[in-house]
Each structure stands twice: as structure tokens, then as C-alpha cells.
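Hello,

Here is the structure I promised to pass on to you. Have a look at it first, and then read my notes below alongside it.

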Amino acid sequence: QKEVWAKLKDEPTISQDGEQVELAANIGTPEDVTGVLNNGGEGIGLYRTEFLYMGKSELPTEEEQYNAYKSVLEQMGDKPVVVRTLDIGGDKELSYLDLPKELNPFLGFRAIRFCLENEDVFRPQLRALLRAGVHGNLKVMFPMIATLEEFRQAKAILMDEKHDLKNEGLKVAEHIEVGIMVEIPSTAVIAKQFAKEVDFFSIGTNDLIQYTMAADRMNERVSYLYQPYHPAILNLVNTVIEAAHSEGKWTGMCGEMAGDPIAIPILLGLGLDEFSMSSTSILPARTQIRDLSKEKLASYKSKLLAMGTAEEVEEFIKEKTK
Ligand code: PEP
Ligand code: MG
């Protein structure tokens, strides 16, 4: 098995019927990139920048961030690198920021909500990204977007910093794609409107499932409701992919679901363009996809979307792919 995987390290990810997708990796630090390349990653689909901010006593400087982003971009060469801006709050706390205690932290003041109100934290990160962008194939992604206004505001701040950096005579990346995480149901439902304005989507199923099913992703007691194959989730994922494609944009997925061997055939059939997962899942996923027919899986789409339960979906797809 390991030998079969190793042979595919430098191969593209192409289904049995000749359709290509991208297999990317989720990382937390520049040190993770070695593992991505050793496992045949075609890009970074999610760089969680929180780690730069966590486990220390103060905010990282613009320079520290610039060095980290540059290191990731240089190691990846011309392969795409999606960097997510700070997604703090929820389960991730920062002692030095003195965030308010909240009754429902996962529904509270986190991620882009925090960044838009704390531009002194947000702007240095955007500057570091814009400057690092000249060293590789950078794409910037905003987390926890619930409304179009949030996206517009975040993008305007990014453009503002770009303008300032240029005026200061610094080199910045000219053409960076700017996208969003789709992890809040409101955004998935009106993906069509978002697709006109964003360059790409990346579906964050870890949160999208939690918010759609109203089941805390950390709470064991309600974990039975945490159902990736629930038809509600599949319908939202399908809405997002169709919306993107109708505007000529691409859709990735960076939640755990993207690396799940049962979900992979479903997602391939729905037309997902990029699958981002932990490095060690990449070669098994490539092996699996090479044996799947995208066209055949796509023919099950309306049937799957009309199913009533996650169990039905799972049984069906297992039967069809065995
Ligand atoms: C997600 O919500 O699916 C995701 C990838 O982000 P995180 O797990 O960091 O919340
Ligand atoms: Mg998330």
C-alpha cells in the first residue's frame, strides 16, 4: 500500500475518466511544509495563521509574520498557498488580547468579526501578507464570513494597505486572489451573490456542520448530530460549488470532510475543485480518486441531494464505490 502511494507522489490527481482535481494540505506552521511536499501536496489549501499568535505573550510583529508567510511561499514555489487571516475566538483564546468572556463563544466575537473591529491587529497581518506575496503564489482567505458587507469591508482594508505599501515604495504582490471560507450557513445559502465578488470559496465543514446542525463540534453529548453526510450539508456544499462555477470561480474544501474516504466520491461527483486535508491523507486520497469515475458519481447527484438521512447517503455511496 505504502509503495503504491509513494509512486503517486509527483503525479497529478486525475480520476479514472480523466478529470483533474487539486489535492492540497492544511498546515499550521512553516515547518509543516516539508510534510506537505513529501506527501505529494499540490498546494496549501489552508494555512491556519493562529499559531503565530498563540502560545506567546504578545501579538506577532508584521516582520515576524512576513518571515513566516515568505517561508511557506518560497518552499511551495509556484504551487498555490491559501493563507487564512486570523481566526481567533471560539475555542481559540489569546491571553494578551483580553477578549470578553461570552456565553456562546462559537456564536460570538471571533475571526473576521474581531479583525474588523480591531484594525490595529488586522492591518499588520494584511501588510505582511501583501509583502510576502511577491515570493510565491499567494491567495488570501477571510474566515467566518456571514455577510457580504463583512467581505467587502475586509477586502477594502486589504486594498487600502496595498495602496499604502506601494506609496511607501515597498514591493507588493499585484494579482492575489481573495476568497472566503464558507462555514456559516447564511453564506452557503447566498453563495450565488458572493460568487460575483469573491475569487474563490473554501468550504469549512468543521464549522459549517456545527452551525447547520446546531451541534457544538466539541460537545460529545451531541456528537451524533455531527453528520458530514447529512443531506442538508450536501445540499449546501452543492449550492456553493454550483454558484462558484456559474461565475467561473473555483471551490475548495478545507474541513475534515475533504479527506474522508466516504465523502471524497460524493464531493468529486458534486464537482469540488480542490480538496485540502492533512498531509498524510493526500496520497491515499490520490490513490482513491484515480479509481473513481467523476462522470458516474455526478450522475448520482440529484438522487443523493434528495435523500432524507445521512445513513441513506452513506449506504448508497458505499454500495456504489465498493
Ligand atoms: C472549518 O471550520 O472547517 C475549518 C477548516 O476551520 P477550523 O477547523 O480552523 O475552524
Ligand atoms: Mg472554521
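**Helix α6 and its neighbours**

In helix α6, the buried residues are Phe122, Gln125, Leu126, Arg127, Ala128, Leu129, Leu130, Arg131 and Ala132. Please keep in mind as you read that this is a predicted model. The helix α6 covers residues 119-132, which makes 14 residues. From its first C-alpha to its last, α6 reaches 19 Å, close to the 20 Å expected at 1.5 Å a residue. What do the buried residues of α6 pack against? Their partners are the helices α4 (62-76), α5 (111-117) and α7 (148-167), together with the strands β4 (80-84) and β5 (137-142).

**A second helix to look at: α13**

You can do the same exercise with helix α13, residues 279-290. Its buried residues are Ser279, Ser281, Ile282, Leu283, Ala285, Arg286 and Ile289. The cover over them includes the helices α1 (2-7), α2 (33-38) and α12 (263-270). The strands β1 (13-14), β2 (20-27) and β9 (274-277) are also part of that cover.

**The whole protein**

Now zoom out. The protein has 16 helices and 9 strands. Along its principal axes, the C-alpha trace spans about 60 × 45 × 35 Å. A compact globule of 322 residues would have a radius of gyration near 20 Å, and the protein has 19 Å, so the two agree. Of the 322 residues, 44% are buried. The chain also brings together parts that are well separated in sequence: among contacts between residues at least 6 apart, 70% join residues at least 24 apart.

**The nonpolar core**

In soluble globular proteins, nonpolar side chains tend to be buried together. In this model, the largest nonpolar core has 86 residues. Those with the most contacts inside this core are Ile44, Ile180, Val240, Leu267 and Phe275. Which helix gives the most to this core? That is α11 (residues 231-246), with 8 residues.

Ile44 is a good residue to click on. Leaving aside residues up to four places away in sequence, Ile44 touches Ala24, Ala25, Ile27, Val36, Val72, Met76, Val81 and Val82.

**Around ligand 1**

Next, find ligand 1. The residues around it are Leu46, Arg48, Asp87, Glu183, Gly204, Thr205, Asn206, Asp207, Cys254 and Gly255. Two elements give two or more residues to this shell, namely β3 (44-48) and α10 (205-213). The one that gives the most is α10, with 3 residues. Sorted by class, the shell has 2 nonpolar, 4 polar and 4 charged residues.

**Two residues with a positive phi**

Most residues other than glycine have a negative phi. Two residues with a positive value are worth a look here.

- Met144 has a phi near 60 degrees, a positive value in a residue other than glycine. Met144 lies in the loop between β5 and α7, and is buried because 24 C-beta neighbours lie inside 10 Å.
- Ala214 has a phi near 50 degrees, again a positive value in a residue other than glycine. Ala214 sits in the loop between α10 and α11. Is Ala214 buried or exposed? Ala214 counts as exposed, because it has 8 C-beta neighbours inside 10 Å.

**More from the loop between α10 and α11, and one helix**

Glu220 is also in the loop between α10 and α11. Glu220 is exposed, because 8 other C-beta atoms lie within 10 Å. The C-alpha atoms of Glu220 and Ala191 are 31 Å apart, with these positions 29 residues apart along the chain.

Val222 lies in the loop between α10 and α11 too. With 14 other C-beta atoms within 10 Å, Val222 is partly exposed. Not counting residues up to four places away in sequence, Val222 touches Ala215 and Asp216. The C-alpha atoms of Val222 and Asn238, 16 residues apart along the chain, are separated by 25 Å.

Finally, Gln193 belongs to helix α9 (residues 191-195). Gln193 counts as exposed, with 11 C-beta neighbours inside 10 Å. From the C-alpha atom of Gln193 to that of Leu170, 23 residues apart along the chain, the separation is 34 Å.

Enjoy exploring!

Best wishes

Key: Residues numbered from 1 in each chain as written. Chains lettered and ligands numbered in written order. Predicted model: local features only at pLDDT ≥ 70, side-chain atom pairs only at ≥ 80, totals over all residues. Near = placed C-beta within 6 Å. Helix = DSSP H or I, 4+ residues; strand = E, 2+ residues; numbered from the N terminus. Nonpolar A, V, L, I, M, F, W, Y, C, P; charged D, E, K, R; others polar. Core = buried A, V, L, I, M, F, W, Y, C linked by C-beta atoms within 7 Å. Buried ≥ 20, exposed ≤ 12 C-beta atoms within 10 Å, placed from the backbone. Contact = placed C-beta atoms within 7 Å. Expected span 1.5 Å × (residues − 1). Rg over C-alpha atoms; globule rule 2.2 N^0.38 Å.
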